[in-house]
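The following account leads through a structure of two protein chains, moving from selected local features to the packing of helices and the overall confidence. Please keep the sequence and the coordinates at hand while reading.

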Amino acid sequence: MSSNLAHNPGARRSIEQPTRLLNPMRVVYVLLSLLVVGVLAFATLRPVQVLPRIRLAPGFLLTDAYGGRLTNEDMRGRLTLYNFTRTRCEAPCPQTSQVMQAVQARLGEIETDLPIELVTISLDPEYDTPAALQAYAQKWQADPQRWHLVTGDAERLKWIVGGGFGVYYAFKEDGRFTFDPAFMLVDGAGILRAEYRTASPDVDRILRDLRLVVQEVENSTGAARYAYEAAHLFLCYPRG
Amino acid sequence: MSSHSDATDLSAHSGARPRWQWWAIGVGAVAFGFFLGWALLQLVQQRPFGPPNFHGTVIQSDTPTHNFTLTDQTGARVSLTDFRGKVVLLYFGYTYCPDVCPATLRDLARVKQALGSAGGDLQVVMVSLDPARDTPAHLAEYLAYFDPSFVGLTGSENEIAAAATPLGIFYEKHAGTVATGYLIDHTASVLALDRGGRVRLVYPFNTPPAAIAADMRYLLRD
């Protein structure tokens, strides 16, 4: 039966053709190794980099320097960098707003239509009236369209900043105020994407992180969404 | 068997294979390809990979969310940790809510229906943002209308703020009409917590119940 087949003209043709290169097992091996190499390359070279979706950022309703209100829902769809301080914070108190100012000055480098905003939460509502916040905004040349200075009820602030953002601060009995300087990057879905727990983070790094989130928002549509989800899956986070 | 060895002899001599072998190899390769694809799909759906396409927004936190203790609709004190071992769909709303909350609760009841017996370990929990009007008795009456298995939680203003704030829930009272009384603006997301109490997925208002049910099937398998 098979020897009949082997002697028919069709089989002869296949015998005459050079078939070494197209050996089917070889094709399977090549495809398999391509798949493995592809996955490894994706996981190590990280062609698509993302920031982790760390946890939910807190919900809040706070008052700004002009007596207006600012809520976390207002920041939905906007990329927001938060810092926490008080206007009476003078050296040696760490000047985190200096970093905010530097970031504000360089936001123009990121070409996007996505709104990127800055929020400074004052932890000292007793002293930081809207007038005090306005003076502080002037001191740091805060662009009122972009940089919001807010505060609120002391007890609520503890839930928002302490409980929600996980940033420690305390008014000591001797009147001293201590806090752990921190910056938080929150995406348009209200999810914390980066935390910088230092008084002087690298501004270049903050800008790189902002860019990464902007790119993810702008590019992760259609099939590219799978590449971005794969990047989250394989923890393709930027180094350093 | 003997014809098989004939054929291999022939191919060994000529350095090529007869056509039927090519067919067999082709069919085998396709079948192997299907098997590989299937195996990869199985692998991808297991921990720690997770399915590639959740409908909700995935949160990667590997620590359980903060705990809180409130009063349920029977008057008992209940903590979020009491639901460990169950998958929890957590929602913040209030019973006088005119449209958003009933729509969401109706959708969550549909999620549970869609899962059928697989949904036994799925617990829907609504935390009231209006403790002044949402007494346990009122919550019990309201939730029974959607699904008797739903848990409703209420407490003091402070307890509720401490529960809601770290989960990104904004809420604020504002004046309604004489007929409705005051209303509460609030974040209308639904949060999915896995069996370990970690927030895993966030759904915006109006996510189709079928999409939530598909994700829940995965979380319930863990």
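**Loops, helices and confidence in a predicted model**

Gln141(A) counts as exposed, because its relative accessibility is 58%, over the 50% that sets the limit for this class. The model is a predicted one, and the values discussed here are computed from it. Gln141(A) belongs to the loop that joins helix H5 (130–139) to strand E6 (147–151) of chain A. Its backbone is noteworthy for a phi near 50°, a positive value in a residue other than glycine.

A second backbone feature of chain A concerns a proline. The peptide bond that leads from Ala91(A) to Pro92(A) is cis, and its omega is near 10°. Pro92(A) is placed in the loop between strand E4 (79–85) and helix H4 (96–106) of chain A.

Further along chain A, two helices pack against each other. Helix H7 (residues 203–219) and helix H8 (residues 224–233) of chain A have axes that come within 9 Å and cross at roughly 140°. The pair H7(A) and H8(A) is therefore classed as oblique, since the label roughly antiparallel is kept for angles over 145 degrees. On the side of H7(A), the residues in contact are Gln215(A), Glu216(A) and Asn219(A), and they meet Ala224(A), Tyr228(A) and His232(A) of H8(A). Tyr228(A) and His232(A) also appear among the buried residues of H8(A), together with Glu229(A), Ala230(A) and Ala231(A). An α-helix has 3.6 residues a turn, so positions three or four places apart point the same way. After H8(A) comes Leu235(A), with a positive phi near 50°.

Attention now turns to chain B. This chain contains six helices and ten strands, and 47% of its 222 residues count as buried. Its accessible surface is about 10,400 Å², and carbon and sulfur atoms account for 60% of that area. Of the contacts in chain B between residues at least 6 apart in sequence, 68% join residues at least 24 apart.

One example of sequence-distant residues brought together is found at Thr57(B), which is part of strand E1 (residues 57–58) of chain B. Thr57(B) and Tyr203(B) are 146 residues apart along the chain, yet their C-alpha atoms are separated by 6.6 Å. Leaving aside residues up to four places away in sequence, Thr57(B) touches Arg200(B), Leu201(B) and Val202(B), and it also touches Arg53(A) and Ile191(A) of the other chain. With these neighbours around it, is Thr57(B) buried, partly exposed or exposed? Its relative accessible area is 28%, so Thr57(B) is partly exposed.

The helix pair selected in chain B consists of helix H3 (residues 100–115) and helix H6 (residues 209–221), whose axes lie 9 Å apart at an angle of about 55°. H3(B) is therefore oblique to H6(B), and the crossing of the two helices is right-handed. From H3(B), Asp107(B), Leu108(B), Arg110(B), Val111(B), Ala114(B) and Leu115(B) take part in the contact. Their counterparts in H6(B) are Pro209(B), Ile212(B), Ala213(B), Met216(B), Arg217(B) and Leu220(B).

Asp107(B) links this helix packing to the loop that precedes H6(B). Asp107(B) lies in helix H3 of chain B and touches Asn206(B), Thr207(B) and Pro209(B), residues up to four places away in sequence not being counted. With a relative accessible area of 9%, Asp107(B) is buried. Its contact partner Asn206(B) is located in the loop between strand E10 (199–203) and H6 of chain B. Asn206(B), by contrast, counts as exposed, because its relative accessibility is 56%. Like Gln141(A), a residue other than glycine with positive phi, Asn206(B) has a positive phi, near 75°.

Finally, the confidence of the prediction should be considered. Chain A has a mean pLDDT of 87, with 90% of its residues at 70 or more. Residues 1–6 of chain A, however, have a pLDDT below 50, and this stretch makes nine contacts in the model beyond near neighbours in sequence. In chain B the mean pLDDT is 87, and 88% of the residues reach 70 or more. There the pLDDT stays under 50 over residues 1–12, for which the model has eleven contacts beyond four places in sequence. The model as a whole scores ipTM 0.74 and pTM 0.78.

Terms used: Residues are numbered from 1 along each chain as its sequence is written. Chains are lettered from A and ligands numbered from 1 in the order in which they are written. This is a predicted model: local features need pLDDT of at least 70, side-chain atom pairs count only at pLDDT 80 or more; totals for chains, interfaces and linings use all residues. Side-chain values use heavy atoms; hydrogens and water are left out. pLDDT is the predictor's confidence in each residue, from 0 to 100. Contact means heavy atoms within 4.5 Å. Helices (H or I, at least four residues) and strands (E, at least two) are DSSP runs, numbered from the N terminus. Buried means under 20% relative accessible area, exposed over 50%, partly exposed in between (1.4 Å probe, protein chains only). Accessible areas come from the Shrake-Rupley method with a 1.4 Å probe; for residues, only the protein chains shown count as cover. Axes are lines fitted to C-alpha atoms, for helices over the stretch in contact, and angles run from 0 to 180 degrees between N-to-C directions. Angles under 35 degrees count as roughly parallel, over 145 as roughly antiparallel, 65 to 115 as roughly perpendicular and the rest as oblique. A crossing is left-handed if the near helix is turned anticlockwise from the far one by less than a right angle, and right-handed if clockwise.
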